[in-house]
Amino acid sequence: MDDFEKELKSGYLEEASQLLADAEQCFLSLEKASEDASIVEKIFRLAHNLKGSARAVGFMDIGEFTHQLESLLLKIKNKEMQIQSSTVSLLLECNDHLRMMVDTLRTDMDARVDSQALMAEIGRHLNGEVQSEEAPESLELVPPPASAFEEEAVTEEVAQVEEIQASEQEEEVIETEVSFDQLTSVVENSLREEKHRLELVSSGPAPVQPAQPQKTATPTGPVDESIRVSLKRLERLMNNVGELVILQAVLNQQKHSVQSMLMQKTIDQLAKITKDIQDISMSLRMVPVKQTFQKMQRIVRDTSKALSKEVVLDISGEDTELDKIVLEQIGDPLVHLVRNAVDHGLESTEERVARGKSSQGTVWLSAFHQGSHIVIEVRDDGHGLDAQKLIAKAREKGVIKPNQELTDEQAYHLVFAPGFSTKTEITDISGRGVGMDVVKNNIQQLQGEIQLETEKGKGTCFRILLPLTLSIIDGMVIRAGEERYVVPISQVHESVQPEGQDVHFVTGLGEVLSLRGENIPLFRLTSVLGRKTVPRPVTESIAIVIRNGKSPFSILVDDIIGHQQVVIKRLGHGVQNMKGISGGAILGDGRAALILDFNELASRATPATSAITSAVMKGAA
Amino acid sequence: MEQKKSKGQSQRYLNFSLGSEEYAIPLNAVKEVIALPEVTSVPYTPPHFLGIMNLRGQVISVIDLRLKFGIKAETTAETAVIICEMGQHSLGMVVSSVNSVLALEESEISPKPEIHSHRNTDYIQGVAKKDKHLVLLLDIVKALSAEEQAAISRATGVKKAA
C-alpha cells in the first residue's frame with residue numbers, strides 16, 4: 001500500500017466515524033418521527049457517502065455491507081416499507097457493526113470483517129416484510145432519485161478530478177461498476193480540501209441544491225470546526241496563563257513607578273489582553289454535558305426494548321458545562337444509573353397499568369448548578385426502593401449481620417454495598433450487581449458524592465454531586481492569622497462586623513453570634529484550623545455567615561482581602577482528601593493558598609453535628 | 001524510579017545532603033531543583049509537611065526531608081528544594097544542599113546493612129561509596145508512601161475523634 005492510498009484510507013476512516021455518529025442520532029430520531037422524510041433522506045445520504053467512499057478507497061467489505069444497507073434504506077425512503085421499531089433496531093445494529101468495522105480497519109487496514117449474518121438479516125427484512133419484486137442485490141436499485149443532484153455535482157467536479165488527480169484512481173473506480181457513486185466518492189476523497197473550500201463558500205442556504213450530497217460529509221458544518229488538543233498541553237497552557245496573570249498583577253501594581261506614559265498605557269492594554277486570554281483558557285476545559293446525555297437516549301432505547309418496557313427519557317440542562325475529565329469519568333457511572341433506572345427502577349408495563357400509572361415509564365436526566373456543586377440527577381417514576389426487601393436480601397447475601405437492624409435510610413444505601421443486587425435473576429441489562437458500588441467509587445474518586453432519594457410507589461432519584469474541582473470558582477480571599485485562604489463565594493451568605501455585645505459564650509455550645517435576633521454558632525477560623533494565635537477582639541474581626549448547610553453558622557476571620565477568580569488545583573501528596581480543604585489556589589501575588597470548605601470545617605469543629613451530618617451524607621454504606 | 005538496568009550500565013543519581021548525611025535518588029525522578037520558595041502551611045499536617053507552594057502555576061506539596069528523617073533543619077543559603085515526579089503529582093523536598101550527580105555502576109551499589117530495629121528501612125535501596133562517604137540510595141516512593149499511609153490513618157483518626 002503506498003502512502004497516498006494509506007492517506008486516503010485513513011482519511012476515509014476518520015470521516016466514516018463522523019458519519020456513523022451522525023447516523024445514529026438520525027436513527028433514534030427516526031423512531032420518534034418515522035414520518036419525517038427529511039431524516040430518511042439524511043440517513044440515505046449518509047449511507048450513500050459511506051458506501052461510495054468505501055469502494056473508492058478499496059474497503060470492499062464496508063462497501064458491500066453498506067450497499068445492502070442502502071437497499072434497505074432506499075425502500076424506506078420510497079415508502080415501500082413501514083418503519084417499525086424492529087427496523088430501527090436493525091439499523092442501529094448495522095450502525096454498530098459498521099463502527100466496529102471502522103475500528104477494526106483503523107488498527108489494521110487489511111483486516112476483513114465478516115458481515116454475512118447481518119446482511120442476511122437485512123435481506124430478510126427486505127424480502128420478508130415487503131413484497132419486493134426486485135432482488136435486493138440488484139445494482140439497478142442503486143441510482144437513487146437523488147441522483148439528479150448528484151449528477152450535477154459530479155459532472156461539475158469530475159473535470160476537476162481529472163485535472164488534479166491521476167486517472168489511475170478513477171479507472172479503478174470505474175472497474176468496480178457503479179458510476180455516479182464512485183465518482184462522487186473520488187471527488188470526495190481526492191478533492192477533500194477543494195470541497196472543503198467549496199463548502200465554506202456555499203455554507204449559506206443553498207436552495208437550488210438542497211440535497212447536495214457532499215454537505216453531509218462534514219456533519220458539524222464549517223462553522224463549528226474544532227481540533228483536538230491533548231489535555232496535557234491544555235494543562236500547561238493553564239499553568240502558564242496562571243503565571244501570566246500573576247505577573248500582570250505585579251505589573252499593574254508597579255506601573256505608577258514608571259514615568260513613561262506610553263509604558264503605562266501599554267501595561268493597561270496588556271492587562272486587558274491578559275484578562276481575555278485568562279477567560280478563554282479557563283473555558284477551554286469546560287464542555288457541555290450534551291453529548292454524554294444524548295448517548296443515554298440510545299441506552300434507554302436499547303434497554304427498554306430488551307425488557308419490553310415503554311420508557312421515555314426526559315433530558316434537561318444539557319448545556320450545563322463540566323470539566324472535560326470529570327465528564328469523561330462520569331460517563332460510565334451514568335450509563336449504569338440510567339440502565340438501572342430502566343431495568344430495576346421502573347415496573348413492567350403491566351404492573352404500571354395495574355397500579356394506575358401511565359403505561360409509559362419516564363426517566364429524567366438533568367444537570368444543573370447548585371451552590372458549589374454541579375448536580376446530575378437520574379430520576380425514575382418507578383416503584384421506588386423497598387427497605388424490607390433490601391434488608392432481607394442483604395441478610396441473605398451476608399452483606400449485613402442477621403440481627404442487624406437498619407433504618408429505612410440505611411437500608412436504601414445497601415444498594416451501594418459491594419456484591420448486592422436486588423433483582424433475583426441476573427439480567428444482561430444491568431449486569432450482575434457489580435454496578436452500584438463501582439458507580440459510587442467512581443464518583444467518590446472525582447471527589448463527588450452520590451445521594452439517593454426514594455419513595456415507595458413514586459420512584460427513585462440518584463443525585464450525583466460533583467464538586468467544581470478542576471474548574472474555576474469565584475473566591476473570597478480572607479485572612480486569619482498569618483495565612484490567607486480562599487472561600488468559594490457561593491458558600492458565603494453575608495459578612496458582618498460584630499459589635500462587642502453580639503458575641504456570647506454559652507457553655508457547651510461555645511461562642512454564639514446574635515444576628516438580627518437570631519443566634520447562630522460562631523467559630524474562630526484560626527482555632528478551627530488548629531493554629532495557635534492570640535485571639536483578636538471580635539470587634540476587629542469579620543464574621544462570615546454560611547447558610548447553605550444543615551443549619552446556619554458563622555466563622556470569624558481577621559479580614560476580607562478581596563475577591564478573585566481562582567482555578568481550583570488539586571492538592572497532591574499528603575494533603576489529598578483532607579476534610580475541610582477542597583483544594584489549592586494561587587493568589588494574586590503568586591503564593592499558594594488553600595481553598596476552604598466552611599461546611600466541612602464547621603462539622604469538624606462541632607462533634608455532635610458532624611456525627612449526624614456525616615451519617616446523613618455518607619449513608620449507611 | 002525504575003531500577004531495572006542491564007549489567008555494566010551505570011545509572012545516574014542526584015546526590016544531596018540532609019544535615020551531615022548524604023543521600024541520593026535516581027536522577028530520572030527529578031524534575032528540577034529550586035531555591036526555597038514561600039510556602040503556605042496546611043493545617044492538621046505533621047511538622048515535616050511544610051505546606052504547599054506555587055511552582056509556575058502548579059500547586060505542589062512541599063515536605064522537609066530533614067524533619068522527616070529526624071534531622072535538624074537549618075535554613076542556609078544552600079538549602080534547596082528538589083522537585084520530583086510522584087505519579088500524577090509533583091512533590092517538593094527540602095534538603096540541606098544539593099551536591100552533585102553521581103553515575104553509579106550496579107557493582108558499586110551494595111545492599112543496605114541489616115539493621116535490627118523495628119524501624120522500617122524499606123525505603124533505603126542500597127548504599128554506595130563516594131570518596132570516603134557513604135551515600136544512601138533512597139526509594140522516594142517507598143519513603144513517602146509510608147508517609148502517606150500515616151497521613152491517611154491520621155486523618156481517619158481525626159474523623160473518629162471528632
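This passage describes the overall make-up of chain A and two residues with positive phi in a predicted model. Local features require pLDDT of at least 70, side-chain atom pairs count only at pLDDT 80 or more, and totals for chains, interfaces and linings use all residues. Residues are numbered from 1 along each chain as its sequence is written, chains are lettered from A and ligands numbered from 1 in the order in which they are written, and side-chain values use heavy atoms, with hydrogens and water left out.

Chain A contains 20 helices and 18 strands, taken as DSSP runs (helices H or I, at least four residues; strands E, at least two) and numbered from the N terminus. Of its 621 residues, 49% are buried, that is, under 20% relative accessible area (exposed is over 50%, partly exposed in between; 1.4 Å probe, protein chains only). Among contacts with a separation of 6 or more, 67% join residues 24 or more positions apart, a contact being heavy atoms within 4.5 Å. The chain exposes about 31000 Å², of which carbon and sulfur atoms supply 52%; the areas come from the Shrake-Rupley method with a 1.4 Å probe, and for residues only the protein chains shown count as cover.

Positive phi values occur at two loop residues that are not glycine. A:Ser308 has a phi of about 40° and lies in the loop between helix H12 (290-306) and strand E2 (311-316). Because its relative accessibility is 59%, A:Ser308 counts as exposed. For A:Arg516, phi is near 45°, and the residue is found in the loop between strand E12 (510-515) and strand E13 (518-524). A:Arg516 is likewise exposed, at a relative accessible area of 65%.
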